[in-house]
Every structure is written in structure tokens, then in C-alpha cells.
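Me: Please take a close look at a single strand in this model, describing what flanks it and how its residues are placed, and then turn to the contact between the chains.

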Amino acid sequence: MADLKLCHIYKKFGNVMAVSDFNIDVADGEFISFLGPSGCGKTTILRMIAGFEKPTEGTVTIGGTEVYNGSKGVFLAPEKRSIGMVFQSYAVWPHMNVADNVGYPLKVRGIPKDERLQRVMRMLELVHMREYADRFPNQLSGGQQQRVALARALVTQTGLLLLDEPLSNLDAKLRESMRFEISAIQKELGITVIYVTHDQSEAMTMSDRIVVMSMGKMQQIGRPYDVYTNPANQMVADFIGLVNFIPATAKGDRIFMQGQESLSFPNPKQLSGEAVLAVRPENISIARTGGMIKGIVNHCFYMGDSVDYRIKVKEQIIRVIWKGAAYGIFRDGETVYLDFDNVMSFAKEG
Amino acid sequence: MKKALPRFDSKFIVVAVSVLLLLYFIVFPLLVLIYDSLFVEGVFDISNYKEVYGKKVNWQALTNTVQLSLVVMIASIAITVPMAWLVGRTDLPGRKVFRTILVASYMIPPYVGAIAWIQLLNPSVGYLNDFLKFIFGLQKAPFDIYTMGGVAWVLTLFYSPFAFITISRAMEKMDPTLEEASRISGSSPLKTLWDVTLPLMMPSIVAGGLLVFIAAASCFGIPAIVGMPGNIEVMTTRIVTFVYMGDAKGIRDATALSVSMMIVANGLLFFMSWMLSHKDYTTISGKSTRPNTVELGKWKWPAFALVAGYAFVAVVLPLASVVVTSFLVSMSKGLSLDNLGIDAWIPVITSSQYMECIWRSIGYGIIAACIGTVLSLFVAYLSVKTNIAGRSLPDLLVVLGGATPSIVIALALIITFSGNFGLNLYSTMWILIVSYLVKYMTMSVRTIAASLSQVHISLEEAALNSGASWIRTCWDIIIPLVSPSIVAGWFLIFMPSFYELTMSNLLYGSDTKSLGVLLYELQTYADTQNASVLSVIILLIVLIGNVVLNKVTKGKVSI
């Protein structure tokens, strides 16, 4: 069993609050991503779970065992926590060959050589690196080194795997295929995974739940679908996917779009005063007649699978992505009408 | 279409000229030296090797050299590895200051260190011996500096910075996640040190150790000043003795000893660079994330005391000894306030003979540094910025010069430029300046090359594209961008040149006596106080030079 519980975690570096009041309950076998811009505290939390940083306050519990408790002075060293971890820089030891790298955690635990070799080979099979067992890291590509690091983190079958931006040093194609491989391995072994990334598509495709972080605080936690369609605040909406923000004013049950006072949207959050409407570019449709908002085509970009229009509405540029459309349906300077779907609303921030 | 840029021709001339110069002043003398040691009047004859090593005193010098160098190498590694780790990878208080202090003895001339330790640990009136006798109520001085142990002690203190610089650089460059990966795999910090950190450091530790070995074996000042009074001879002192004999036989014996030294030193250095290019793990690691420092916890202050104690003994104590001695009114009276004054300084500063030596050495240093910097710039540019055939040959020749022991260079220059092959530089200032260039240009080439390689080729191409000629591009774009490294390169030649002893001691003539030689003479004639005053003057100039260097390069380069 490798469930994970973080309670009221705070971490201060000097005077900087890197993480404040962070709480999470991760179930056994769950895949959780920490998503956020660099410096948001996601890696710091991961390192506190691993034991490389000590929280300033709070408790960390892994598989029912308290590994850190600030007030009771409990601290379990990283080597005693039984965790697998994959680092951004791979951290494959250059002076050991692939089999020795993967077998090291077993060797430390005193597993006899025969069994060790067997388990190493099984892991290398899992990451498709069996034929590279005798190679040294400097003979491997970045993607292969990453697979070795993954096999090494999995070999003890500890049940909890931490991944710190594991794909960020790989090229785009490899990144995508590794994503599915990691997912498949996780399902096969049934392990709990904490995955730190700043890449939203990685988080969306792999995770059971996503934690969106900003400035040391958890902004939202939820299933990828919920986080995308129902972001908790403007920051989350902006960070995940593309979005148009339109200034608005909330009055009673309705929110009125600024500059288009005739146009209003429902106000489910019961906001009042200054507010922000948010609509994703793929939720806007364009027509020559009949739409609710009038605008002028400013420019359009052909993207292959879609066309990316920039429509000038009053003083604002609204971005519209039209999937599957042919290029050149609307010309620059043409007057068009837009229809909004799935409009979100937020209280105005800062 | 613009006319083709005149890059190939002008660059080819620069390569040709610098290769010829370097061949003539570095390779040719060394070849003459080897030839002279193997052939007598055109006939192959190695009887002189047999004869030289057949003599007990020479054989003893060889075994002394090997013993000393081995002991110094092992002691340096044993001291340096923990120091480098504490300073580079832990939360040791004051680690920045310690780093500066621990490399400081690198910029102090070794013979000044020798003079200082004689003042501290000579058996009759050594300050430290007296102090220990007083504290522990001893009848006899506990230490005698004029022994093999004494020579090894001073060599270790002054050459361990070579190892410290190499090893601490590797420690700081290492990706800390390699160690974290070991911890998370289940290894304790100690096991991680053993399984991961030390194996990864091993190439750098071996390289640092070899540098110390070669430096200790090539050193003349320390064994001459500390060893000779106790009749301890090493290879370098034997070579000097043979050269001083002045006759053909003496030179021939010196040649045989020198060639054996050169082969060992260059062989070891070649092995070292081969090893580093094949086993330098530190450069393989991916992006280094954050500097991960180990918390020492309760060991913090004991570790601090250890490092501070070493820094005090290795650097502060000898410097203090030289400075205090220079301000003593009377050497026969002990250390007390009323015995302090500038009495010893006045005769030195007013002596035209002493001041001439000081200005002369500064002058030679400046000339060597100016010529050397221009040459270094060409050599570095060729090896880093061009792709014409043979571009790295000049660089290699410069490295060869720097890798050759000073004493060997001096002897090779004496044999080659005494008129036997046209050019006669004997007893002129130029033979001294050539020797400084051969020995010290390599550091300046390294520094400038490192800086040039940071200037992307597109900056140059943009200037050429804007219509500037190649010369104009160098002047307007490249030189301003690498100017800090040019200043650094200048000082890296100037400083060791102006206080050089080993080569100057063999090459000076009646009108070209250098500061290092003067100081050596004063010390051998037991004029400790004047020697101390001159040492302090040297230290001041070195200090000023380093402050300037630090300002110009923003702390990136120091000596």
C-alpha cells in the first residue's frame, strides 16, 4: 500500500514562502500530476516527499507511516522511505553500466545476485532496454537514459514513484511516446505516481487528478476534465489551455460584457461588480450573419488541422480556433459575427 | 556578389608565423636537449646516462625526488579531498573565505614559503619550535625543517592547491541528483559517498595528484632552500649543480638528468589528459539543477575548526612569519613590541642594487606578458575560432612548453641559444623572457581560449556581413568581448614571470639578475631579514595584481 498524505505543509527558504498550507490525500494506485509554472513550488513539494527537503511545518505520511512531522521531530532519511524517483537530469550514474544502475537499489538491499539479475532484466524488458544491459550511459541517448532511470526507480517495486519533470529534456516526438509508456507501466504495476511537470498536455493525458500550483499555493485539484472545463480561478483557466478574457460587470443574475451592454451571460457564482468572462477559442463560432457579437477579421493563421482567427471586437482582439475549417473562408477586414459557448466567469483579480 | 573575404590568406600567415616561432623556441630547444643527451659528436652514445645514474649522489637524488613527490602527492590528496568536499559541498561556515585562503598559496612563490618555514621550524631559533618548547617545557626543538620530512611538509603546503583547484572544481560541477538518486535507492550518505561520489571524483583526484607529483618533482626553490642545508639533494638541485660546474661534462650530466625528468613529467601529463578525456564523468551529466549542499549538523563547528586550523597553518602562519621578520629591529632579540620597526626596510629600499633587481624583474614580467598575450590571442583564436588545418598545433606546442619542468626548459635554452645554432641570447634579458614565455603562456592561452569560445561565430559573421574587414572585426567585436580574459591572460604571464626563480637562476647574467635570484642568494647567505623584506615586497605586488585581476574579471580568474 502506498497512499500518500500531506497535511498543512509549509516551506520557507530564508524569507521566501515557497509552499504554504499544502494538503493532499493520494489514494493507492493513483496518478497525480503537479502542474504549474517554474518556481510555483511543485518540485519543492516533491523533494519534501522524497526527503531531500524538510518542511518548515506539517506532516508527510507514506503508506500509513509518518515520515515527517515538524512538531514531533520525526524525520525519516530519503534512503529509508522506500520511494522510487526519476530526476529531470536522469541522474544515471556514468561509472556503472545499465544493469548495474538498475540493480543498485537491489544491491543496497542485499538481494542475492541471481535474483537481482532476474529482476533487473524484467525491468529492462518493461522499458524496452533489455539489449542495452551492458552499455554505459555515455553510449545511450537521452531517451534511453530516461528509460534506465525509470527502470531503476521501479525495480524495488516500492509502490510510490516520484517523477520530476522526467520528459522535459527529451524532444517532442519522444516526449509523446514516453508519456504513453509511463502511463501503461503505471497501470500494469498498479503503483502510485506523483508527476511534476509544467507541460499541461502531459498532465492532462496521464493523470487521474491534476494539482494546479501557483506561487506556493494549490489553486485547484481535480480530474483533468473538471480542471479544463471548470477552472477554479482565472490563473487556472489561463494556465490550462487557451482562453480569451473579456472584462465584464456582474449585476444580479447576469454578467454584462464590457462594451456590449446588450449582451449578458448567466452568473452562476453570484459575482457582483467587476468580473471577467472567459471563453476558450474552440468554443467560439464565426458566421457572416446571425451571431451575437460583431467583429472584424484582423488576421488569420492556417494551422493545418485548424484555422486560428484573430477577430477585433471593439478594442479587443478575440482569438477563435476553427477546427477542420478550410483556409480563406473569411478574408482580413471582413465583418463577421461571433457566438460564444461554454462561457466561464471569474471575479476580477488584482 | 561581394568579393571573397580575405580570411584564408591572413589567417594562414598568422598560423605559419606562430607555428614557426613556437617550433623554434619550444620544440627545437627540447629536441636539441634530447639529441645532446643521446649523441656524442654525432655518435649514438648513452654511456652518460649509465655514468650519471651510476653515481651514488645522483641515484640518491633520484630516489629522494621520487620519495618526496609520492609522499607529497598522497598527503595532498588526503588533505585536499575532505577540504574540497567541505568547502564545495557543505554548509561549512565561511566556505567562500576558506576557498580563497586555500588556493592562496598557489600565488605565493614557493621559495617565499620555504623561507617562512625555515623561520618557523629551524631547530635552533624557529619561532614555532621556540613556542612549542615554551608551551610543553621541552629541552629540544620538536621539529627540524632541514630533513626529508621538512622538505615534504613545505612542498605539500605549497603544491596541494594544485590538487585542491582540480578536485574542488569537479566536486562543484558534479550533478547533485546523482547522489540523490543513490539516497533514494536506499544508500546511506556514507555509502553514497563510497559508491557514487568518490568513483565519480576519481579521475579528478588522480589528475590533481599527478599535477602535485609533477610540480613537487620539478620544484627547485623549496628543496634548494630547505633541503640543501641538510644535504638533501633532489634531481633539480643536482641539475643546477652540474650546470654551475660550467664545463662540457657537467652540462652533459645535467642533460641526461633533465631528459629523464622531461620524459617522466610529459609522459604523466599526457596520461592525465588522456584519462580526463576518456573518464571525465562530470561533464556527462545532464543539466545540473540546483547546488545541493550537505548539512553538517553537529559536525559543523568541528569541521570549521579543522579547516580553519589547516588554513591558519598553511597560509596565515608562514605569511605572518615573513611579515613579522621583516619588521624586526634585531633578529637576535625576540618578538616584542619595542623590537618592531622599519629598520630592516630602509637599507633594502635605499639599496640601488636591490631596487634595480625589483624594477628589472617587473620590467621583464611586463615585456613577457605583453608579447605572450598577443601570441596567446593568436594561438587561442586559431584553435577556437577557425577550421583551417593545423589550427590546434600552436595550442599543443604551447601546452608542451608549459608541461615541461622549468629546469629542463632553462637547460634546453642554454644549450640551444648560446650561439651554436645562429642565435646567441646567452646572458641577455631575452633568454629570460623566452623562458618565461615558454613556461607560462599556456595558462594565458587557456584563459583567452575559454573566453573566445563563448563568443558565438554569428557575432563575427554579423560584423563581416555589415561590411567590416576581418582585422576590423577583430578590433571592434572580438577584442572588446574578450578583453577581461586578455587582461587576465596578461597577469597570468606577468605574475609568475616577475618572481620566477628556477629558470632565472640558470639563465641570468651579470646585468640581468632577477628578483627571485637575488632573494635566493640572500637566503643562502643567511641574510634572512633582507630576504623577508623582499618577500613582503613580492607578496604586495602579487596581492595588488590579484586585486586588479579580480576587479577586471569579476572574480572569475585569479592566480
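**A strand and its partners**

Reply: In this predicted model, strand β1 of chain A, which covers residues 4–13, pairs with β4(A) in the antiparallel sense over 5 bridges, and within the stretch where these two strands run side by side A:K5 stands opposite A:T61 of β4(A). Strand β4(A), residues 57–62, also pairs with β5(A), residues 65–69, again in the antiparallel sense and here over 4 bridges; in this pairing A:V60 stands opposite A:Y68 of β5(A). The link between β4(A) and β5(A) is a hairpin with 2 residues between the strands, and A:G63, which lies in the turn, has a positive phi of about 55°.

The faces of β4(A) can be read residue by residue. In a regular strand, side chains alternate between the two faces of the sheet. In β4(A), A:G58, A:V60 and A:I62 make up the covered face, whereas A:E57, A:T59 and A:T61 make up the uncovered one. Thus A:V60, the residue that stands opposite A:Y68, belongs to the covered face, while A:T61, which A:K5 stands opposite, belongs to the uncovered face.

As for the contact between the chains, 22 residues of chain A and 21 residues of chain B take part. On the side of chain B that touches chain A, α8(B), residues 177–184, and α9(B), residues 189–218, each supply at least two residues, and the largest share, 6 residues, comes from α8(B). By character, the residues on that side of chain B divide into 8 nonpolar, 9 polar and 4 charged.

Terms used:
Residues are numbered from 1 along each chain as its sequence is written. Chains are lettered from A and ligands numbered from 1 in the order in which they are written. This is a predicted model: local features need pLDDT of at least 70, side-chain atom pairs count only at pLDDT 80 or more; totals for chains, interfaces and linings use all residues. A residue is buried if 20 or more other C-beta atoms lie within 10 Å of its own, exposed if 12 or fewer, and partly exposed in between; C-beta atoms are placed from the backbone. Two strands pair if DSSP finds at least two bridges between them. Two residues are in contact if their C-beta atoms, placed from the backbone, lie within 7 Å. Ala, Val, Leu, Ile, Met, Phe, Trp, Tyr, Cys and Pro count as nonpolar, Asp, Glu, Lys and Arg as charged, and the others, Gly among them, as polar.
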